Amino acid sequence: MQEQLHCVATFHQAIGAQVAERPQLLDGDLEQALYFSSELRKMNQFANEVGTVGGPLIQRFAMVLEELAEWLEAHVNRDLVAAADAWGDRCYLLLGDAIAAGLPANEVF
């Protein structure tokens with residue numbers, strides 16, 4: 001994963017996006033983050049209700065919504081450990097998407 005992180009850091013530098021030297025929470029409007037988290041939770045609830053009939057696509061979508069809401073909430077709560085946990089879960093889901101769809105992740109990246 002180090003090679004992929006290096007590629008993304010290089011891209012961030014090229015476009016002027018943030019590259020942190022140490023683990024830290026992201027800055028932003030925490031009230032807006034809380035609002036979006038709440039909206040994601042509503043969508044997650046609905047996706048979970050229809051997930052069994054919506055199949056694997058909707059089930060995976062529901063998991064992504066939950067983890068993204070947790071990531072936002074961790075930033076709102078200024079909890080770096082929870083943000084790292086939610087980030088890890090999001091990565092796991094993205095890699096799982098590649099596995100579930102049979103995508104060649106390295107080549108796609």
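In these legends, contact means heavy atoms within 4.5 Å. The model is predicted, so to speak of its local features a pLDDT of at least 70 is needed, side-chain atom pairs count only at pLDDT 80 or more, and totals for chains, interfaces and linings use all residues. Residues are numbered from 1 along each chain as its sequence is written, and side-chain values use heavy atoms, with hydrogens and water left out.

**Figure 1. S37, a buried serine in helix α2****.** Let us start with a single side chain. S37 sits in helix α2; helices (H or I, at least four residues) and strands (E, at least two) are DSSP runs, numbered from the N terminus. With a relative accessible area of 2%, S37 is buried, where buried means under 20% relative accessible area, exposed over 50% and partly exposed in between (1.4 Å probe, protein chains only). Once neighbours within four places in sequence are set aside, S37 is in contact with A69, L72 and E73.

**Figure 2. The whole protein, for orientation.** Here is the setting for the other views. The protein has 4 helices and 0 strands, and its elements follow the order α-α-α-α from the N terminus. Taken along the principal axes, the box filled by the C-alpha atoms is roughly 45 × 40 × 25 Å. Of the 109 residues, 20% are buried. Among contacts with a separation of 6 or more, 55% come from residues 24 or more positions apart.

**Figure 3. Salt bridges of K42 and R41****.** A salt bridge is a side-chain nitrogen of Lys or Arg within 4 Å of a carboxyl oxygen of Asp or Glu, and the search of the whole structure finds 3 of them. One joins K42 to E39, with 3.0 Å between the closest N and O atoms. Both of these residues belong to helix α2 (residues 30–76) and lie 3 residues apart, about one turn of the helix. E39 is partly exposed, at 27% relative accessibility. Another bridge pairs E73 with R41, whose closest N and O atoms are 2.7 Å apart. R41 has a relative accessible area of 29% and is partly exposed. E73 may be familiar from Figure 1, as one of the contacts of S37.

**Figure 4. The salt bridge between R60 and D97****.** In this view the side chains of R60 and D97 meet at 2.4 Å, N to O. The pair links distant parts of the chain, with R60 in helix α2 and D97 in helix α3 (residues 80–101), 37 residues apart. D97 counts as partly exposed, its relative accessible area being 27%.

**Figure 5. W71 and its contacts****.** W71 is another residue of helix α2. Not counting residues up to four places away in sequence, W71 touches L26, A83, A86, W87 and R90. W71 and D85 are 14 residues apart in sequence, and their C-alpha atoms are 8.1 Å apart in space.

**Figure 6. The largest pocket and its lining****.** Rolling a probe the size of a water molecule over the atoms shows where empty space is left. On a 1 Å grid over the protein atoms alone, a pocket is an open set of points where a 1.4 Å probe fits, with protein on both sides within 12 Å along at least five of seven lines; a cavity is a set where the probe fits but cannot get out, and lining residues have an atom within 4 Å of a point. Grid points are joined across faces, edges and corners, and a volume is the space filled by probe spheres set on the points. The largest pocket holds about 1400 Å³ of space. Its lining has 30 residues, and those closest to its centre are M1, L5, V8, W87 and C91. At least two lining residues come from each of α1 (2–15), α2, α3 and α4 (105–108), and α3 gives the most, with 8. By class, the lining has 21 nonpolar, 7 polar and 2 charged residues; Ala, Val, Leu, Ile, Met, Phe, Trp, Tyr, Cys and Pro count as nonpolar, Asp, Glu, Lys and Arg as charged, and the others, Gly among them, as polar.

**Figure 7. The aromatic pair of Y35 and F36****.** Rings of Phe, Tyr and Trp (its six-membered ring) pair if their centres lie within 6.5 Å, and planes under 30 degrees apart count as stacked, over 60 as edge-to-face and the rest as tilted. The whole structure has 1 aromatic pair by this search. Y35 and F36 form that pair, edge-to-face, with 5.5 Å from centre to centre and 65° between the planes. Y35 is partly exposed at 49% relative accessibility, and F36 is partly exposed at 47%.
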